[in-house]
Amino acid sequence: MSSIKLDIQMVDDELKSAAREILPKAGAALRDLQEKRCTGAEFTGWYDWPKIKGHALAKDIRKLVGSLDVFYDQVVVIGIGGSYLGCRAVTDALSHSYAGQVTAKQGRRPGLTFAGHHLSESGLVELLDLLEEKQPIINVISKSGTTTEPAVAFRVIRSYMEKRFGKEEASKRIIATTDSKSGALRSLAKSEGFKSFDVPGDVGGRYSVLTAVGLVPLALAGFNIEDLLQGADDVFRSLEAPAADHPVLQYAAVRSAAYQNGKTVDILAYGEPRLFHTVEWWKQLFGESEGKEGKGLFPAGVAYTTDLHSLGQYVQEGVRNLIETFLMVDDPLGRTGGVERRLRIPAMSENADELRYLENRFISEINDAALVATRIAHFDGGVPCMALHLPRIDEKSLGALFAFFETACAIGGALLQVNPFDQPGVEAYKKNLFGLLGKPGFENLGVELRRRL
Ligand code: PA5
């Protein structure tokens with residue numbers, strides 16, 4: 001059974017019954033996925049990945065990390081979308097919140113930072129400031145090898161590395177993860193002699209966290225990639241002969257029923273700030289997979305309790321087009337990236353802040369109560385609310401969560417009758433950008449666009 005539990009108590013009866021009717025279709029969609037009969041079947045290599053290739057790949061990655069003959073204390077991941085969000089989700093969830101600012105009490109991992117996911121000049125200038133104080137290793141990740149944002153960042157960083165270390169050492173400090181045969185990055189890796197890993201041809205970016213895309217930088221930065229794979233494997237195994245209401249199927253069915261019932265926005269709420277990028281990863285997964293052909297729930301993330309003093313008002317009383325899922329973490333000891341430290345409200349002689357009733361209680365208890373209170377309030381305010389329970393925040397649970405959401409998303413796409421593995425809409429801005437910047441072959445588009453400005 002999957003380690004992730006789904007609670008649909010705060011979903012109204014009408015929606016529950018509509019979801020029950022969808023469950024058999026969700027089950028059929030899962031079988032189509034498993035038997036590679038679904039739309040976009042050529043991009044389902046991520047399903048059951050740990051068992052098929054993941055564990056063997058982890059060994060190759062460990063070998064590479066062990067054989068590096070350069071010292072590094074800073075890993076730089078260059079990539080955008082699915083080429084960085086999974087890695088970032090894991091590193092943010094499992095790192096000290098003030099890593100780099102305090103002498104962290106959770107072991108000495110190299111620093112990890114990200115580039116190529118924006119086009120901010122000042123962002124890159126400041127990254128170069130950081131690199132100047134560090135011994136960097138670079139993992140540039142792009143399946144296509146031609147995406148503008150990472151290509152720009154990589155050129156800047158490569159040029160810096162070559163100036164600082166010389167061409168030979170720079171190339172020892174660069175690892176490329178890209179298509180096995182084609183693309184500009186593959187050609188560069190060959191001509192410059194970078195160590196390289198493949199993005200499997202049958203896995204799209206946003207489903208690639210458990211391939212070399214996520215595992216290489218995570219291993220470089222000292223995370224337990226074997227546990228990550230194990231957590232995912234457990235979920236895939238639980239789906240081999242699933243109960244009709246397996247949490248993955250139920251989650252997909254409730255979302256689908258809500259959409260058919262007129263809901264248009266799907267919120268993932270979380271109570272631990274370290275899960276911010278986990279939710280960013282989820283947003284990309286569902287947004288790019290379902291949002292096409294004029295269809296799909298808009299995925300949004302809210303951080304509680306922070307956003308209870310911001311977006312909470314809207315969720316409670318705004319347009320009733322929302323559904324919400326609360327990402328809960330059951331073990332209060334497992335919320336700090338593996339460091340078992342806890343904090344109680346201190347007892348004090350005076351009670352000016354009126355917190356005596358909370359004295360000696362753990363902060364996590366108060367946080368949990370706030371999330372439960374919010375879920376009930378939002379349900380009472382007309383928002384169907386699910387709760388997804390993770391046992392802890394650790395590699396195993398995150399691996400399980402990735403497998404859970406990827407599978408639910410693929411099923412969701414099938415229920416919506418869209419291809420959940422393509423992203424044709426992303427091309428529109430890319431073409432316009434090429435036109436405006438004068439990329440050869442796009443000159444006429446540039447003229448046409450400028451006429452409209
Ligand atoms: O999910 C996807 O396929 C996309 O989000 C890609 O990951 C993103 O566009 C980056 O593409 P690439 O890895 O080709 O640079």
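In this predicted model, a polar backbone atom of Gly 205 lies 3.3 Å from an oxygen atom of the ligand. Gly 82 also offers a backbone atom, an N or O, which is 3.0 Å from an oxygen atom of the ligand. Glu 288 takes part through its side chain: one of its polar atoms is 3.0 Å from a ligand oxygen atom. Taken alone, the ligand exposes 380 Å², and the protein buries 91% of that area.

The surroundings of the ligand can be described next. Its shell holds 13 residues. Ser 83, Ser 142, Ser 144, Thr 147 and Gln 284 are the closest of them. By class, nine residues of the shell are polar, three are charged and one is nonpolar. The space that the ligand takes is a pocket, the second largest.

From the binding site the view can widen to the whole chain. The protein chain contains 15 helices and 10 strands. Its radius of gyration is 23 Å, close to the 22 Å that the globule rule gives for 453 residues, so the chain is as compact as a globular protein of that length. Along the principal axes, the C-alpha atoms fill a box of roughly 60 × 60 × 50 Å.

Two points of backbone geometry remain, and each involves a loop residue. The peptide bond that joins Tyr 304 and Thr 305 is cis, with omega at about 10 degrees. Thr 305 belongs to the loop that runs between β8, residues 298-303, and α11, residues 312-317. The other point concerns Lys 36, whose phi is near 55 degrees. That value is positive, and Lys 36 is a residue other than glycine. Lys 36 is located in the loop between α1, residues 13-34, and α2, residues 49-67.

Note on methods. Residues are numbered from 1 along each chain as its sequence is written. This is a predicted model: local features need pLDDT of at least 70, side-chain atom pairs count only at pLDDT 80 or more; totals for chains, interfaces and linings use all residues. Side-chain values use heavy atoms; hydrogens and water are left out. A residue is near a molecule or strand if one of its heavy atoms lies within 4 Å of it. A polar contact is a pair of N or O atoms within 3.5 Å; within protein, one must be able to donate a hydrogen and the other to accept it, and residues adjacent in sequence count only if both atoms are side-chain atoms. Accessible areas come from the Shrake-Rupley method with a 1.4 Å probe; for residues, only the protein chains shown count as cover. On a 1 Å grid over the protein atoms alone, a cavity is a set of points where a 1.4 Å probe fits but cannot get out, and a pocket is an open set with protein on both sides within 12 Å along at least five of seven lines; lining residues have an atom within 4 Å of a point. A molecule sits in a cavity or pocket if more than half of its atoms lie within 2 Å of its grid points. Ala, Val, Leu, Ile, Met, Phe, Trp, Tyr, Cys and Pro count as nonpolar, Asp, Glu, Lys and Arg as charged, and the others, Gly among them, as polar. Helices (H or I, at least four residues) and strands (E, at least two) are DSSP runs, numbered from the N terminus. The radius of gyration is taken over C-alpha atoms; the globule rule is 2.2 Å times the number of residues to the power 0.38.
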